[in-house]
Amino acid sequence: MARTTDSTDERSTDRASTGANDSVVSLEDVRVHFDETGLIDGLRGEDETVRAVDGVSIDIPENEIIALVGESGCGKTTLGKVAVGLQRPTSGTVTYRGQDIWDAKEGNGDPAIPYPEIREALQIIHQDPGSSLNPNRTVLTSLLVPLKLTEPELGPNQREQRVYQLLEYLGMKPSEDYAHRYPHQLSGGEQQRVVLGRALLMSPDVILADEAVSALDVSLRVEMMDLMHDLQSVFDTSFVFVSHDFANARYFAGTVGGKIGVMYLGELVEFGPAEEVIRDPQHPYTKVLSWATPTLDPDLAAEESMDPPVREIDIPDPIDPPSGCRFHTRCPEARAVCETTTPELVATDTDRQTACFRMDETHEYWDSQPITGGNDG
Ligand code: SF4
């Protein structure tokens, strides 16, 4: 879930919510800025800071599916890595069951939850499974490693049987055959299944799936996403599914009642139940993603022939993002106020949030002058 503001009150920040209150991981006003200033830039006095994530608050509850979507460079992977403790925020906090992850990692204070426990609970699956599997280890050896950590009381035979059982779950049959293969003897889809299995053996609370199906053929993508859905309920884990492809996010979160978070230039601009975000996108940027995604719905398909609902195709430079609403340089609905004032993520429904002035019918936006090239109203 992510923080919002109350649209009728003073614009105080609130947490964008999935409706659940049993958060495993909570991010609070997280910023991740990368200093890309080179020697020459420094001598010229130029600041080359990339604002990869800028002021995002989000909660990840138990057994939830959250798809983070947006164009390349919008900060979704960085945000996901913050959530699983792989990226330290420049400011803001990230906690696991109330314990600050970075305090635990660095031994500050007396952590209520030791860092090794947190590390086991937060796992990641990368886009390229080949790079995360040791080429010199068989599938069996790769999967026995986490099992020894999490279930040290099991004997060697019991562990081996558990691996065979897991491979069956993963659809890799006959399991005894797959268990003795090396990564190069597996297809990309099979390698990704092994990586998923290895993550699940840690009994994680959250798995970050970072573009985990992007490199697979379309038919294999659906199979892999279906497998993750099945295993989510078996292993009681949450998924943060990062994708630049709205179609993947739509399938992964939309078919199982998950949530979608839409990111633009480091900010969360819309968050809510996937089926609602898909059926009725509120933020103009979400409408762009939706427009760009092929649909089988004949009514919506008619809209696909229309011009793209953006004024500018090019994404602004994240080192120097636009003032006010960061989407105003491309937004067809932009008005003068959007150039100077930043919209907060506000609750627009029980568990939906959007960062756009158009969500507030009393906002000064409605009396503001349309920007040339945008819509009139
Ligand atoms: Fe467009 Fe203005 Fe809404 Fe930003 S605040 S998305 S520029 S209408």
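**Loops, ligand shell and aromatic pairs in a predicted model**

Proline 308 sits in the loop that runs between helix H14 (298-303) and helix H15 (336-340). The model described here is a predicted one, and this loop residue makes a convenient place to enter it. With a relative accessibility of 32%, proline 308 counts as partly exposed. Its C-alpha atom is separated by 9.7 Å from that of leucine 289, a residue 19 positions away along the chain.

The ligand and its surroundings come next. A shell of 13 residues surrounds the ligand, and the closest of them are His283, Cys325, Cys331, Cys338 and Cys356. By residue class, the shell is made up of 9 nonpolar, 2 polar and 2 charged residues. The space that the ligand takes up is the largest cavity. Two of the closest cysteines can be followed further. Cysteine 325 has a relative accessibility of 13% and therefore counts as buried, since the class covers values under 20%. Cysteine 331, at 8%, counts as buried as well. Readers who see several cysteines listed around the ligand may wonder about sulfur pairing: how many disulfides does a search of the whole structure find? The search returns 0.

Aromatic contacts offer another view of the fold. The structure holds 7 aromatic pairs. One of them joins phenylalanine 241 and phenylalanine 252, whose ring centres are 4.2 Å apart and whose planes meet at 20°, so the pair is stacked. This pair links distant parts of the chain: phenylalanine 241 belongs to strand E10 (residues 238-243), whereas phenylalanine 252 belongs to helix H11 (residues 246-254), with the two positions 11 residues apart in numbering. Both phenylalanine 241 and phenylalanine 252 are buried. In another pair, the ring centres of tyrosine 365 and tryptophan 366 lie 4.8 Å apart with their planes at 90°, so this arrangement is edge-to-face. Are the two partners buried or exposed? Tyrosine 365 is buried, with a relative accessible area of 1%, while tryptophan 366, at 32%, counts as partly exposed. Returning to the phenylalanines, ring pairs also join Phe239, Phe241 and Phe252 into a cluster.

Several positions are brought together in space although they are separated in sequence. Alanine 67 lies in strand E5 and is buried, with a relative accessible area of 0%. The C-alpha atoms of alanine 67 and serine 243 are separated by 7.3 Å, although these positions lie 176 residues apart in numbering along the chain. Histidine 180 is located in the loop between helix H8 (175-179) and helix H9 (188-200), and its relative accessible area of 44% makes it partly exposed. Its C-alpha atom is 6.0 Å from that of valine 139, which is 41 residues away along the chain. Glutamate 160, for its part, lies in helix H7 (residues 156-169). This glutamate is partly exposed, with a relative accessible area of 28%. Glutamate 160 and leucine 140 are 20 residues apart in sequence, and their C-alpha atoms are 7.5 Å apart in space.

The backbone has some notable local geometry too. Which form does the peptide bond from lysine 173 to proline 174 take? This bond is cis, with omega near -5°, and proline 174 is found in the loop between H7 and H8. Positive phi values occur in residues other than glycine, including asparagine 63, where phi is near 50°. Asparagine 63 occupies the loop between strand E4 (49-61) and strand E5 (65-69). With a relative accessible area of 40%, asparagine 63 is partly exposed. Serine 203 likewise has a positive phi near 50°. Serine 203 lies in the loop between H9 and strand E9 (206-210), and at 54% relative accessibility it counts as exposed, because the class begins over 50%.

Note on methods
Residues numbered from 1 in each chain as written. Predicted model: local features only at pLDDT ≥ 70, side-chain atom pairs only at ≥ 80, totals over all residues. Heavy atoms only, no water. Near = heavy atom within 4 Å. 1 Å grid on protein atoms, 1.4 Å probe; cavity = no way out; pocket = protein on both sides within 12 Å on 5 of 7 lines; lining within 4 Å. Sits in = over half its atoms within 2 Å of the grid points. Nonpolar A, V, L, I, M, F, W, Y, C, P; charged D, E, K, R; others polar. Disulfide = S-S within 2.5 Å. Buried < 20%, exposed > 50% of the residue type's maximum accessible area, 1.4 Å probe, protein only. Phe/Tyr/Trp six-rings, centres within 6.5 Å; stacked < 30°, edge-to-face > 60°. Helix = DSSP H or I, 4+ residues; strand = E, 2+ residues; numbered from the N terminus.
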